[in-house]
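Please open the structure in a viewer and keep the selection panel at hand. The tour proceeds in short stops, each of which begins with a selection.

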There are 2 protein chains.
Amino acid sequence: MALKRIFEARSVAVVGASEKKGSIGRAVMENLLSSFKGSIYPVNIKYDRVFGLKCYKSVKKIPGEVDLAVIAIPAKAVLKVLKECGEKGVRGAIVISAGFRETGEEGAALEKKLTDIAKKYGVKVIGPNCLGVYSAHTGLDTIFNPSDRQAKPKPGTIAFISQSGALGAALLDWIAAANLGMSHFVSYGNAADVDETELIEFLSEDPRTKVIACYIEGVRRGRDFLKAVRKASSRKPVIILKAGKTTKGARAVASHTGSMAGSYKVYEGALKQSGAIIVEDLGELVSASKALALQPPAKSPRIGIVTNGGGAGVLMTDELISRGLEIPRLSQDTIKQLEKILPPTASTENPVDILGDAPAERYRDAIKVVLQDPLIDVLVVITLMQSPALDPVRLKDYLKEISRSKAKPIVMVAPGGVYTEKHSKEIEAETGIPVYKSPEEAATAVKALVDYGIVRSQALNTLV
Amino acid sequence: MALKRIFEARSVAVVGASEKKGSIGRAVMENLLSSFKGSIYPVNIKYDRVFGLKCYKSVKKIPGEVDLAVIAIPAKAVLKVLKECGEKGVRGAIVISAGFRETGEEGAALEKKLTDIAKKYGVKVIGPNCLGVYSAHTGLDTIFNPSDRQAKPKPGTIAFISQSGALGAALLDWIAAANLGMSHFVSYGNAADVDETELIEFLSEDPRTKVIACYIEGVRRGRDFLKAVRKASSRKPVIILKAGKTTKGARAVASHTGSMAGSYKVYEGALKQSGAIIVEDLGELVSASKALALQPPAKSPRIGIVTNGGGAGVLMTDELISRGLEIPRLSQDTIKQLEKILPPTASTENPVDILGDAPAERYRDAIKVVLQDPLIDVLVVITLMQSPALDPVRLKDYLKEISRSKAKPIVMVAPGGVYTEKHSKEIEAETGIPVYKSPEEAATAVKALVDYGIVRSQALNTLV
C-alpha cells in the first residue's frame, strides 16, 4: 500500500519548521517532538537549529532516508519543495499549505501542477489545504491547533477521514472527550492526489483500524469510491456522514470546497447498496462509531430490553421500533425464568421492567436470562442510576463477566448528570459496553450494529 | 389557584419522617432541612424528635397551620392520614407511597377511596406513587434520591412535569448538569387527583415559569388537556414529549402506568393545533426547553448563519432545511457590508463563512451586519473553538453586548471537547445565548423558536 509510507513513516521532514510563536511550522514541530517515535528533520532555509535539532536548508540536504515530508510553507514555494522531495526519494508528503484550488482559477492551476509533480515522482500527497494526519499509534501528528484547545484521542480502532479540516478537528476533540480510541485521523483537504477512495482502500487493509468513519461533502471518483466502500465493508464497517443532503446544503458545499455534492438520494441508495452505514448527523456518527468499535454486529434486528424505569423502557421501545427494529415477545422459557427471579410487580414482557428498586444483582440475573433467549440477538440495558438501590460499581463487575463472551451485542442507556456520567464512562471503559445518555442515541447505535450485521451476512453469502 | 397551596407552601408536615438510613422519610426530611424556607413538622407515631425537631403523633396534633402534608408511609395507612389532613384543614398533600392502582385491582380500589377523601375534604393530592415536587425557588423538595446521585437544578424558569418518576428524576439530573434553571419539577405518578391538565393550568399562571416542558404517556381528560395547553400556549411555550408513539411503545405504556397511550398521529395533530411544541426525544426536550427559556420566539423561519468552518455551515444548512426552515439570500446591502469587513476568500452568501482564521472581532462585525438584515429573523453562530485565532472570552464579551437587545433570537453551535464545553457554558451563562454541541441540536432549538413564534402570532391574531 502506497499510503503506508505516510501512516507508518519512521522519519519525517518538516518543511517550514520554526520556533516562531503562532506558526504552523512550530505547532507541527511541537506535536512531533512530543509524540512521534521516529526521526524528525526540521527544514527551513532561515535556521540552523530548530528546537535544538539540526535544521536543513532543503530536503535534499538531509543525510538519511526520509519517508514523509510535512510541508507548511506559502503555496507558491510548495512546487519546488515537492520536486525536491521527489528527487530525494521521499515517497509521501502532507501539504498543509492553503492557497490552491479553494482560492480560484490561479490556485487551481497551481494545484494541477502539484498533482503532476506528485504523479511524475511517485510522491503520495495528502492535501493541500488540510490539517493532515493524526496517527495515535505512531504519534505522527500534524494537526496544528493548540493542544489546550484541541485534544487528541488515545490509540484505538476508529479511523476518521474528513473532507473538512475544521469540522474534522472539532470531531477529533469531541471523540477525545468521549474517551474513544482512534487509529488514524485524516483531513485530506483539496485531495489533489490522495482522495477519499484511496484512503478507504488503505484503511480497509490497515490492521489497526476496525471502524472507518467518514465526513464527506463530494466524491471525486464515484464508481471507484463505491467499489472501495464495498470492499472495505466486507471487512469492517464504513460509516458515512454525507453533507449537502439538501439542495441548499449542496450549494453550500459548492461554495465551501468546490465539490459537487450531487443528489443525496442517489448517493444514499448507492452507498447503502455498497454496504456503507449511513448516518444523518454528527451525533449519530459518534454514536455509531462507538458501538461498532466496541461491539460485534447483530445477527438480527430482534432486541431485548432490561430497564429499572418503565418510562425509559417506553421511550426506548418507540426509538427502536421507529427505526424499523423489532422488540419481540420473549420465549415462554425466558418469561418463566424471569418470573422466578423478579418481584411479582415487575414486567416480564419485553421491555423487561425490573423496577426502580432493582439492585445490581437483579440486573445481573435478568440480563443473563434475557441474553440466552434465542429470540433475542441484541440486548439494551437501561439504568437510571439516580436510584439508591443500584450500585453501579457492582453492576460494572457483573457486566464485565457477562460481556466477556461477546456473543450478542450489548448497548447501555444511562440518562442523567455528573454521577451517572462518571459511572457510565467507567462501565464503558472496563466492560467494552458502549453507554449512551439517551434512548435515541442508543437506538442509533443498535441500528448501526443491526445494519452492519446485515452487510456482513451478505458479504459472507457472496463468498459462499 | 388551588395548587398554590402546594407549590407555595410555607409549612410542611412530613408524615413518615424518620432518621432511619435509606428510608424515604429521612431523605425527604434531609431535603427540606437543607433547602426549605418554611416550617417543617415531622409526623411519626414512633418518635418524639426527628433531626432535633419535635415529632408529632399525627397531623392533627400539630399546633400551627399546615399548608402541605408529604405522605411517605405504607399504602394501607395513607387513607387515614389523608382524612386527618382534611380534618386539620391541610389543603395540599403529596402522596409518595406506592401500592395503589399500579399494583392491580385491590390497589385501584384503594386509590379510588383516596380520590374520594381528597374530593370530600378539598385536599389537593399529588400522587400517589410519585417522587413529588421540587420547587427550586422555595426549596420545597420531596425528590428522595440520594443527593450525590441526583442533582437538582438551580432556580430558573423551566417547569417540567413528568408522568414517570424515574425518568423525570434522570432528566432533572441532566438539566442540573446542563446548568439550566428550573421553577418547578413535578412527578405526579398515578394522578389520582391532580393530573397533567391541572398542572399545566397552574404553571400557565405561575409567574416564575416561562417554559412548560412535559413528559406524558397517556392523558386522562383529553379535551380539558387540549384546552389547558391552548390557553397556556398563548402565554408561554408548552413543550411535549409524548411516549408510546409506536404501537409497541403504546403497549409498553399500558404495562407501565396503565394509561392508554392512544394513537400518536391523532395526539400529535390535536396537540399541534392547540399550540404545543412537539419534540421527539429526551435530547430535543432539553434543547427546546433551553432555547425557549433563554431566547425570544422567532418572527419568521428565515435564518442567517455565521460560521468559521465551511463544513459545519453545510451541516447546519442541511439540518435547518430538512426541518422546513429557510436560509434566504441576504440583502444586497448586507452582502456589500460583509464584503467590506471580510477577507476576499470569505463567503458573503448565507451561510456566511468568515473563515478558520477569524478572530472574535470578525465575528462581532459579521454578526452585527447579518443581524440587522431585514430578511433574517434568527441568527445561528457556529464557532469551531479549536481554531487558535478565536478568543472565546473576547467573543463572549461582544456577544454580551450584541444579545442585549433580544430583538432576534440567537443560537450558537460549538462542537468539540473539554475546552469548547467550558467556554460554551460560560458564553451561555453570561450572554443568555444557548450553545449547542451539534448542528442537529441547534436546529431543534431554532425549530422550537420558530414554531413558538407562529403559535404566539396566531394567539395574538385571535385576540385582535
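**Stop 1: the two chains**

Select chain A and chain B: a turn of 180° with a shift of 0.0 Å along the axis lays chain B on chain A with an RMSD of 0.0 Å, the superposition being by least squares on the C-alpha atoms of residues with pLDDT of at least 70 in both copies. The two copies are therefore related as by a two-fold rotation axis. Next, select B:Gly283, whose C-alpha is the one in chain B nearest the axis, 5.5 Å from it.

This is a predicted model, in which local features need pLDDT of at least 70, side-chain atom pairs count only at pLDDT 80 or more, and totals for chains, interfaces and linings use all residues. Residues are numbered from 1 along each chain as its sequence is written, while chains are lettered from A and ligands numbered from 1 in the order in which they are written.

**Stop 2: where the chains touch**

Here 67 residues of chain B are in contact with 67 residues of chain A (C-beta atoms, placed from the backbone, within 7 Å). Select helix 11 (310-322) of chain B, which gives the most to this side of chain B, with 11 residues. Helices are DSSP runs of H or I with at least four residues, strands runs of E with at least two, numbered from the N terminus.

**Stop 3: a sheet in chain B**

Select the open, mixed sheet of 7 strands, in the order 9-8-11-10-12-13-14; strands pair if DSSP finds at least two bridges between them. Strand 9 (140-141) and strand 14 (277-279) of chain B stand at the edges, each with a single partner strand, so one side of each has no neighbour in the sheet. Finally, select strand 10 (residues 154-162) and strand 11 (residues 181-187) of chain B, which pair in the parallel sense over 6 bridges. B:Ile161 stands opposite B:Val186 in strand 11 of chain B.

Conventions
Two residues are in contact if their C-beta atoms, placed from the backbone, lie within 7 Å.
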